[in-house]
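Here is a short tour of one protein model. Look at the picture first, then read on.

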Amino acid sequence: MNPLKGPGEAQIHDGSNLRIAIVHARWNTAIISALVSGARKALLASGVKEENIVVQDVPGSYELPLAVQRMYASSQVESSNHTITSATSAVTDLLSSASMTDLTSSEKPKESEKTTKKAPNAPIIQPFSAIIAIGVLIKGETMHFEYIADATSHGLMRVQLDLGVPVVFGLLTVLNEEQGKARAGIGGGHCHGEDWGRAAVELGVKRVAWG
Ligand code: DLZ
């Protein structure tokens with residue numbers, strides 16, 4: 001790895017307890033697909049479970065900040081609903097086990113007959129530990145590029161600080177398609193999506209330590 005460029009050597013972080021979202025734009029789809037695959041590959045290599053990776057798409061990069069904000073908010077609601085449901089079922093279990101004491105031992109269900117509530121590959125139901133926002137802006141002949149790049153970058157930083165959740169900046173701003181392909185590792189070379197996957201895991205883990 002070039003010591004002057006890139007994120008440098010970092011400790012390997014364990015992502016097995018993390019839930020990560022990837023939100024990506026659809027503009028410049030071929031480049032986006034390679035970046036999303038690279039991010040997924042790095043997440044899985046860091047131990048994040050397949051079922052704890054949620055992928056969502058939006059039309060263009062300009063839509064990324066709102067999508068990140070709403071996805072995080074809905075993961076918080078999902079998590080608190082899950083906590084309430086779990087608490088309710090724990091109370092129900094307690095009540096039914098209390099009534100079991102009235103049964104004779106032959107009437108009680110055997111351990112093997114009791115159903116297991118948690119499926120083996122059940123996703124972790126917790127707010128996202130980090131969200132990776134991926135978009136590719138290719139400079140055209142209008143001012144569109146500058147406006148979208150500026151608004152999206154500021155929007156992503158704003159939601160990151162407002163929510164207090166790591167938002168990985170996976171927005172490529174390139175002058176042409178060739179530059180975009182090179183940064184996505186299309187046709188060989190390094191895929192920046194992999195760096196973003198690793199950054200999401202590192203920040204997801206560190207954010208817990210930072211409180
Ligand atoms: C309009 C537009 C343009 C010109 N270029 C790109 C681009 O290179 N990459 C990208 O992700 N999105 C682009 N868009 C679409 C905007 O991001 C946005 O989706 C639309 O303006 C609708 O809000």
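How do the residues of the shell around the ligand divide into nonpolar, polar and charged?

## Around the ligand

This is a predicted model. In it, 15 residues surround the ligand. Eight of the shell residues are nonpolar, six are polar and one is charged. Among the 15, the closest are Ala25, Trp27, Gly60, Ser61 and Tyr62.

Where does the shell come from? Two elements, β3 (130-138) and α3 (144-163), each supply at least two of its residues. The largest share belongs to β3, with four residues.

## The chain in outline

The protein chain holds five helices and four strands. Read from the N terminus, the elements run β-α-β-α-β-α-β-α-α. The chain has 211 residues, and 33% of them are buried.

Now take the contacts in the chain with a separation of 6 or more. Residues 24 or more positions apart account for 83% of them.

## The sheet

Strands of a sheet pair through backbone hydrogen bonds, either parallel or antiparallel. Here, four strands form an open sheet, and the pairing is parallel. Their order is β2-β1-β3-β4. The edge strands, β2 (53-58) and β4 (167-174), each pair on one side only. From one strand to the next, the twist averages 15 degrees.

Look next at β1 (residues 20-25) and β3. Five bridges join these two parallel strands. Ile22 stands opposite Ile132 in β3. The helix α3 packs on the sheet and touches β3 and β4. The direction of α3 makes about 170 degrees with that of β4.

## The nonpolar core

In soluble globular proteins, nonpolar side chains tend to be buried together. In this model, the largest nonpolar core has 43 residues. Those with the most contacts inside this core are Ile20, Val68, Ile131, Ile132, Ala133 and Ala200. Several elements each supply at least two core residues: β1, α1 (29-45), α2 (64-100), β3, α3, β4 and α5 (192-210). The largest share, eight residues, comes from α1.

Which residues does Ile132 touch, not counting those up to four places away in sequence? The list is Ile20, Ile22, Ala39, Val168, Gly170, Trp196 and Ala200. Two of these names, Ile20 and Ala200, are also among the core residues with the most contacts.

## Looking back

Strand β3 turns up in each part of this tour. It gives the ligand shell its largest share, is joined to β1 by five bridges, and supplies at least two residues of the core.

Key: Residues are numbered from 1 along each chain as its sequence is written. This is a predicted model: local features need pLDDT of at least 70, side-chain atom pairs count only at pLDDT 80 or more; totals for chains, interfaces and linings use all residues. A residue is near a molecule or strand if its C-beta atom, placed from the backbone, lies within 6 Å of it. Ala, Val, Leu, Ile, Met, Phe, Trp, Tyr, Cys and Pro count as nonpolar, Asp, Glu, Lys and Arg as charged, and the others, Gly among them, as polar. Two strands pair if DSSP finds at least two bridges between them. Axes are lines fitted to C-alpha atoms, for helices over the stretch in contact, and angles run from 0 to 180 degrees between N-to-C directions. Two residues are in contact if their C-beta atoms, placed from the backbone, lie within 7 Å. A nonpolar core is a set of buried Ala, Val, Leu, Ile, Met, Phe, Trp, Tyr and Cys residues joined through C-beta atoms within 7 Å. A residue is buried if 20 or more other C-beta atoms lie within 10 Å of its own, exposed if 12 or fewer, and partly exposed in between; C-beta atoms are placed from the backbone.
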